[in-house]
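Here is a colleague's note to read with the structure open beside it. Please take the points in order, and find each residue in the view before moving on.

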Amino acid sequence: MTAMEQKSATELSRRRTRRFMFLALGVAAIGFGIIAASGINRNLVYYWTPADLLNAGDKAYGATIRLGGMVAAGSIHNRSSASGVEFDVKDATKIVHVRSNGVPPQMFRENIGVVVEGTMTRGGYFQCNRLMVSHNNEYRAPKAGHPVDRKELEKLMKSTEGLKD
């Protein structure tokens, strides 16, 4: 193989590599453009506090949001016309009224951390599709023969007050 043929073969190889790189970048750019234009934003779920939600204005309506905060004391009410529960979620400064159609988790009560997933309505309340309770994973079983004293029983009854009618 002469020096001229070797140079020509190397140049041909470089051109093919360059073409392949430009073609790959073009395909990637087109793919990115399609994903961006197809409305990937509709599939995102935002995690907001009550203050974030109320300060967002029109951006909050219709978007799927995970609202996190504490269940406000004295705000839990069972819905009489349908199954579900209504309550308020609060953070340090703001309160949002929430309506849930499902049965709340067993640990749901006042002053417990919750994350509710749903949408803010123009009616001024948050329509909840999913209610999750935030709790620690520590469980301590009572010791064998451990009597339940009046103080512990009152504490248990107080923690489930919001669940009864």
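## Strand β2 and its surroundings

1. Tyr-47 stands opposite Arg-66, a residue of β2. Keep in mind throughout that this is a predicted model. The pair belongs to the contact between strand β1 (residues 46-48) and β2, which run parallel and are joined by three bridges. Helix α2 (residues 50-55) takes part as well, for β1, α2 and β2 together make a right-handed β-α-β unit.

2. How many bridges join β2 to strand β6? There are six, and these two strands, of which β6 covers residues 113-120, run antiparallel. One place to look is Leu-67, whose bridge partner in β6 is Val-116. With β4, β2 again pairs in the antiparallel sense, here over two bridges, and Met-70 stands opposite Lys-90 of β4.

3. Is β2 largely enclosed or not? Strand β2 (residues 65-71) is largely enclosed by the rest of the structure, because five of its seven residues are buried. For a student checking this, the cut-off matters: a residue is called buried when its relative accessible area is under 20%.

4. Lys-90 leads on to the next strand, since its bridge partner in β5 is Ile-95. Strand β4 (residues 85-90) and β5 pair in the antiparallel sense over six bridges, and the connection from β4 to β5 is a hairpin that passes through four residues.

5. Which residues of β5 lie on its covered face, and which on its uncovered one? In this strand (residues 95-100), Val-96, Val-98 and Ser-100 make up the covered face, whereas Ile-95, His-97 and Arg-99 make up the uncovered one. In a regular strand the side chains alternate between the two faces of the sheet.

6. Ser-100, which has its place in strand β5, deserves a closer look. Its relative accessible area is 4%, and because buried means under 20%, Ser-100 counts as buried. If residues up to four places away in sequence are left aside, Ser-100 touches Arg-79, Ser-83, Gly-84, Val-85, Phe-87 and Cys-128.

7. Strand β5 also pairs with strand β7 (residues 126-134), this time in the parallel sense and over three bridges. Val-98 of the covered face has Phe-126 as its bridge partner in β7.

8. Met-132 is found in strand β7, and is it buried or partly exposed? Its relative accessibility is 24%, so Met-132 counts as partly exposed, given that the partly exposed class lies between the 20% and 50% limits. The C-alpha atoms of Met-132 and Val-115 are separated by 5.2 Å, although the two residues are 17 residues apart along the chain. Leaving out residues up to four places away in sequence, Met-132 touches Val-115 together with Arg-66, Gly-113 and Val-114; Arg-66 is the residue that stands opposite Tyr-47.

9. Finally, which residues touch the most other members of the largest nonpolar core? This core has 23 residues, and those with the most contacts to other members are Leu-53, Phe-87, Phe-108 and Phe-126. The elements that give two or more residues to the core are β2, β4, β5, β6 and β7, and the largest share, four residues, comes from β7. When you look at Phe-126 in the view, recall that it is also the bridge partner of Val-98.

Terms used:
Residues are numbered from 1 along each chain as its sequence is written. This is a predicted model: local features need pLDDT of at least 70, side-chain atom pairs count only at pLDDT 80 or more; totals for chains, interfaces and linings use all residues. Side-chain values use heavy atoms; hydrogens and water are left out. Buried means under 20% relative accessible area, exposed over 50%, partly exposed in between (1.4 Å probe, protein chains only). Two strands pair if DSSP finds at least two bridges between them. Contact means heavy atoms within 4.5 Å. A crossover is right-handed if, with the strands pointing away from the viewer, the path from the first strand over the helix to the second runs clockwise. A nonpolar core is a set of buried Ala, Val, Leu, Ile, Met, Phe, Trp, Tyr and Cys residues joined through side-chain atoms within 4.5 Å.
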